[in-house]
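User: Hi! I've just loaded this one and would like a quick tour before I set anything up. Could you walk me through it?

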Amino acid sequence: MLGRGILVVLAFAGLARAQAPEWVYFESKETGKGPVLRLEMADGAKKELPVASDTVMLSYIERFIGARHTRLAVDLADKNRVLMRFELPDAGKVRKAELEMRMRPSATPPRGAFSIAVYAVKTPWNESWVRWPLQPDYDEEARRTIRLEPRGQMVRIPVTDLVNTWLAKKRANHGLMIRVHKSFPKGEKRGVQPDEAVVPLPKRTTNAATDWISIASREAGKGPRLVLEIEGGRQEEILASADTGVISYLADRKWGRLKFMAISLNDSNRVLLRFELPPKMAQVEKATLRLDTKPSPMNPPQKFEVALHRLTKAWKEIETDWLTQPAVAKEPLATLVVHPATRERTLSFDVTDLVNEKTGFENGWLLKVAKPLAKPEVKKDTRAQRAARQILLQKHSLKWADSVDAALREAKERNRMVLALVDGTYDITKPSFGAELILATALADPDIRALIEKRFVSVRVAYMGQAYTTGRGTSPELRALGTTVAKTKAPALVVSDATGTHVATLESFGTYDKHTVLHLLVDALPPTKGGGDPYELLAAGDWMGAAHGLSRLETPKAKRAGARIMAFAGDHAAALKRLGPLTRGPEGAEARAQMGVALMRLGRFDEAERELTKALEEAKENAPEARYYLGCLLHKDRRYADARAQWQAIPASSTWSLPARLRLSMPDRIAMYETLAAVRLRPGKHQSTEAPIEGGEKAIAYVLAQQLPDGSWPIGDHQQESTRSAITALAAKALLVWDADKEAVKKAVAWIGAWMEKTNPEHANSFGAAYILDLQLERYARDKSAKEDVQRAVDYLFGGQAPNGAWSYDKRFAIRWRGGFGGWPRTDQGRVHSMNTGAALVLLALARDAGLEVSAADLERGREILLKMKQAPAAFTYTYPDPISWEKEEFNIGRAPVCEQALWMLDGKQDAADLGRSLENFMKWRHDLRGPVKLTPGWTMPRGVSSYFYFFAYYHAARAIESLGGPHAKERLQALRDDLLRVAEADGTWVDYPAIGKPYGTAMALLVLHMGK
């Protein structure tokens, strides 16, 4: 078989030259740069669809199957033809569709201009078996022809009409055929084609290796294949029509275009396969599934068993990840013992019965370890997170319009306003962390939902974070709503009327408060005609009209409704006064429940809990609102089991069922962001959830309230679990420097000690190890009896030092990183970071100066490699050694101060000029750090920063300013303090990267405020 494979490749290269001496080729999906279909949908959304199937057919090698070939050849003799197919959205219409392909000249390119033709294919085909004699039928007339020169270029071909025909289901999508149209005499002047553009070709990327055995995918060559022995001794080979890997610890990443897949011993890596059998296939005598493997950097130390399972649901190669992988049959179809190998080898499964019975061919098969040797690296709340996402995106009962244009039309027809949820993400169907929080809190509240359903048309809008941070982004959807990207920092809620006139915006969400959103909606509504049922007016958001109507009624129900209006308007004290006398009547339980909520909004939590408890005791029915808020108060008081019991007791038929289910799915996440006490924002039609404050008292109370019973602090998203140690150390230090609560600090120190005991320092997040030392040094400065804890923290931080002397996310990452995906170059040198290294060295230098035992040799190794990372004064590469990246001064706002401080401290403090320059740059450009905050974790221009740089940069810049001293130190620290006080959240907290959580941002801000006193 190996010889045959070489023969085919050589035959293609040689015969292409001999029989089609003039030819060009397009790069196939196997190169990682295959054809792409770019769509601009009718609603303005843009989609990029990589080719799902592509192949080349050769007239002169009839048995040649080109599905895995890297070159999609077209020759002037029409002996090479190309097929490709794209998986389109289930519905919709496009404004524009372009086929984009990278064309390369061959060894014998055409001598002059030529044109190619694009045809619509009429009958089904599959790249795993299609070849010249079995090519599908295609239209007689070409859909498009385009004239080309024989040189490397990016070719773009408009196919809008055909794509709309497919989307409208007017004809089946069997893809495209591309073949030569005609050639032109050499030297004939070439006209510029209006629908073609030549652009630079990007660098190629390949795959990375981690901890697994490596399985070659379709993109690597042949990939998985079925070898069939047919009656009569004939042998056929069928290639997989789809394959992909899924990875638990990168749960939301798609890997359908990588060259290698993985099967791990702990079941954190799995492989999905699908084959399509040719029609009318004869009975086979033997069928073998063959998988080409090669050793990985972490090759299994022992033999293990791989199981083949049938998949029970359909899936798409380019859309499937760990979270969305299809359901799988419990019992395996076959198993195979795999022996660790130090060389490439082929695994073989006997699947004869499965092929003859066509078992599992509809949806394909799953390959995974049969008996995991360790638990997968999946956080315990992954299932809860998935459940919550399903509730939000699939069962959330708000009706979303298909587009802004559709929302405006519906609003005009039904005399409504438009409410847009604006998100900073590339994919509107996958909300960001912040947008999920809006869905889970404000838009899950029954009162808000009822108002939206009665008076608004809802729609979702998305834009890339870079559009906001650069100030150059545009959004047709936002323009249609009367606003712009620059005026709408996501996540946000935007209200416009049916004519597209902007009415109100609440942007840059970081605090989730019910009454803030209610005010946004009610204030944006036009006045009603007046009169009518006051309860209907209340539901429609006409608080004034409802209050006027209710004032003429003396029933307990009317008085309670009046108190509700007072509470909605923010006057909880007046509502409380109105409700008091009503608790003694026949409907006293309802009034008492409202009193409990009003007391909670006033911040009187103990009284609120008592009233809500009494209300439930007196209630004749379930009283779901009282149960929901009582559960919130119990959770705040760390009585988690009691809180869950209250939420679980809310009937599924209640409008409070949705918020209760969401609280059950992600209690810590919602609790750290949703306010129970009322907050006040500045009035206005355009505002954010930020409100200037004067000090950090509320922040200290918040940090104390968020501490978990075990002494740690929660993280926002389960995928940030590795940062819990850092957050806990920073929160404890903040409480320590503010002299807030000694017992809370003791609990945190105990948790940190236990965490260090069970966590290998080589596996620990290096920021966590550094900030643990930071905390212990602060303790040691106050109490010398903490010396043993400080020394342990020093040794622990050194335990994560990479062999080259630097630090990375952790030592494993520093050693195992191989790159090769997402634009990262492939490397065998691992990867370390200047910002991790700088932070570690500063704290180790402080420990040395405090008299602790710190290895001078290891410090020197760290200093030497940090000097290698330094490209110029105040300019450090982000990654090292490969690639040198983001190394210019303007990209170093976040890391240059801490890196220069480390070198300054370790060089004997001889020359402070470079440190001074880094601080001057920080003060000059620091406001650019604010752009991506709460918006996106992605790196954005113009300064190459992400949301999680903000507090890291402010904290370490403040430390460097304090350490350097000088005439400007006090002024600079005061400026940083003022910056933070201006951007505090309305509840007195801070946040930069929502997925890390508010406790992190709040603790960091408190530390900077303390230095700026």
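**Walking through the model**

Analyst: Happy to! Let's start with a helix pair: helix 17 (residues 624–636) and helix 18 (residues 640–648) pack at an angle of about 165 degrees, their axes being 8 Å apart. That makes helix 17 roughly antiparallel to helix 18. Keep in mind that this is a predicted model.

User: Nice. Which residues of helix 17 and helix 18 make the contact?

Analyst: From helix 17 come Arg627, Tyr628, Leu630, Gly631, Cys632, Leu634 and His635. Helix 18 contributes Tyr640, Asp642, Ala643, Gln646 and Trp647. By class, the contact has seven nonpolar, three polar and two charged residues.

User: And is the crossing of helix 17 and helix 18 left-handed or right-handed?

Analyst: Left-handed.

User: Let me zoom out. How many helices and strands does the protein chain have?

Analyst: There are 33 helices and 31 strands in the protein chain. Of its 1013 residues, 59% are buried. Among contacts with a separation of 6 or more, 73% are between residues 24 or more positions apart.

User: Got a sheet to show me?

Analyst: Sure. Five strands form an open sheet in the order 15-17-22-19-20, with antiparallel pairing. At its edges are strand 15 (242–247) and strand 20 (334–338), each of which pairs on one side only. Ignoring direction, neighbouring strands are turned by 20 degrees against each other on average.

User: How many bridges join strand 19 to strand 20?

Analyst: Five, and the two strands run antiparallel; strand 19 covers residues 304–310. To pick out one pairing, alanine 307 has threonine 335 in strand 20 as its bridge partner.

User: Back to helices. Which residues of helix 5 are buried?

Analyst: Helix 5 spans residues 404–414, and its buried residues are Val404, Ala406, Ala407, Leu408, Glu410 and Ala411. As for the spacing in such a list, an α-helix has 3.6 residues a turn, so residues three or four places apart point the same way.

User: What covers the buried residues of helix 5?

Analyst: The cover includes strand 23 (417–423), strand 24 (456–462), helix 9 (476–480) and strand 25 (492–496). Right after helix 5 comes asparagine 415, which has a positive phi near 55 degrees.

User: Where else do I find a positive phi in a residue that is not a glycine?

Analyst: Two more to look at are aspartate 78, with a phi of about 60 degrees, and lysine 169, at about 65 degrees. For context, most residues other than glycine have a negative phi. Aspartate 78 is in the loop between strand 5 (71–75) and strand 6 (80–85). Lysine 169 is in the loop between helix 2 (160–167) and strand 11 (176–183).

User: Are aspartate 78 and lysine 169 buried or exposed?

Analyst: Aspartate 78 counts as buried because its relative accessibility is 15%, under the 20% cut-off. Lysine 169 is exposed, with a relative accessible area of 61%.

User: While I'm checking backbone, which peptide bonds are cis?

Analyst: Among them are two that lead into prolines. The bond from tyrosine 880 to proline 881 is cis, with omega near 0 degrees. Proline 881 lies in the loop between strand 31 (879–880) and helix 29 (896–906). The bond from methionine 941 to proline 942 is also cis, with omega near 15 degrees. Proline 942 sits in the loop between helix 30 and helix 31.

User: Speaking of helix 31, what does it pack with?

Analyst: One of its contacts is with helix 27. The axes of helix 27 (residues 834–849) and helix 31 (residues 950–964) come within 12 Å and cross at roughly 35 degrees. This crossing is left-handed. Met835, Ala839, Leu843 and Leu846 of helix 27 meet Phe952, His956 and Arg959 of helix 31. Those residues divide into five nonpolar, one polar and one charged.

User: Last one: where is serine 918, and what does it touch?

Analyst: Serine 918 belongs to helix 30 (residues 913–925). Leaving out residues up to four places away in sequence, serine 918 touches Ala874, Ala896, Pro897 and Glu900. Serine 918 is buried, at 2% relative accessible area. From its C-alpha to that of glutamine 901 is 9.2 Å in space, and the two are 17 residues apart in sequence.

User: Perfect, thanks!

Notes. Residues are numbered from 1 along each chain as its sequence is written. This is a predicted model: local features need pLDDT of at least 70, side-chain atom pairs count only at pLDDT 80 or more; totals for chains, interfaces and linings use all residues. Side-chain values use heavy atoms; hydrogens and water are left out. Axes are lines fitted to C-alpha atoms, for helices over the stretch in contact, and angles run from 0 to 180 degrees between N-to-C directions. Helices (H or I, at least four residues) and strands (E, at least two) are DSSP runs, numbered from the N terminus. Angles under 35 degrees count as roughly parallel, over 145 as roughly antiparallel, 65 to 115 as roughly perpendicular and the rest as oblique. A crossing is left-handed if the near helix is turned anticlockwise from the far one by less than a right angle, and right-handed if clockwise. Contact means heavy atoms within 4.5 Å. Ala, Val, Leu, Ile, Met, Phe, Trp, Tyr, Cys and Pro count as nonpolar, Asp, Glu, Lys and Arg as charged, and the others, Gly among them, as polar. Two strands pair if DSSP finds at least two bridges between them. Buried means under 20% relative accessible area, exposed over 50%, partly exposed in between (1.4 Å probe, protein chains only).
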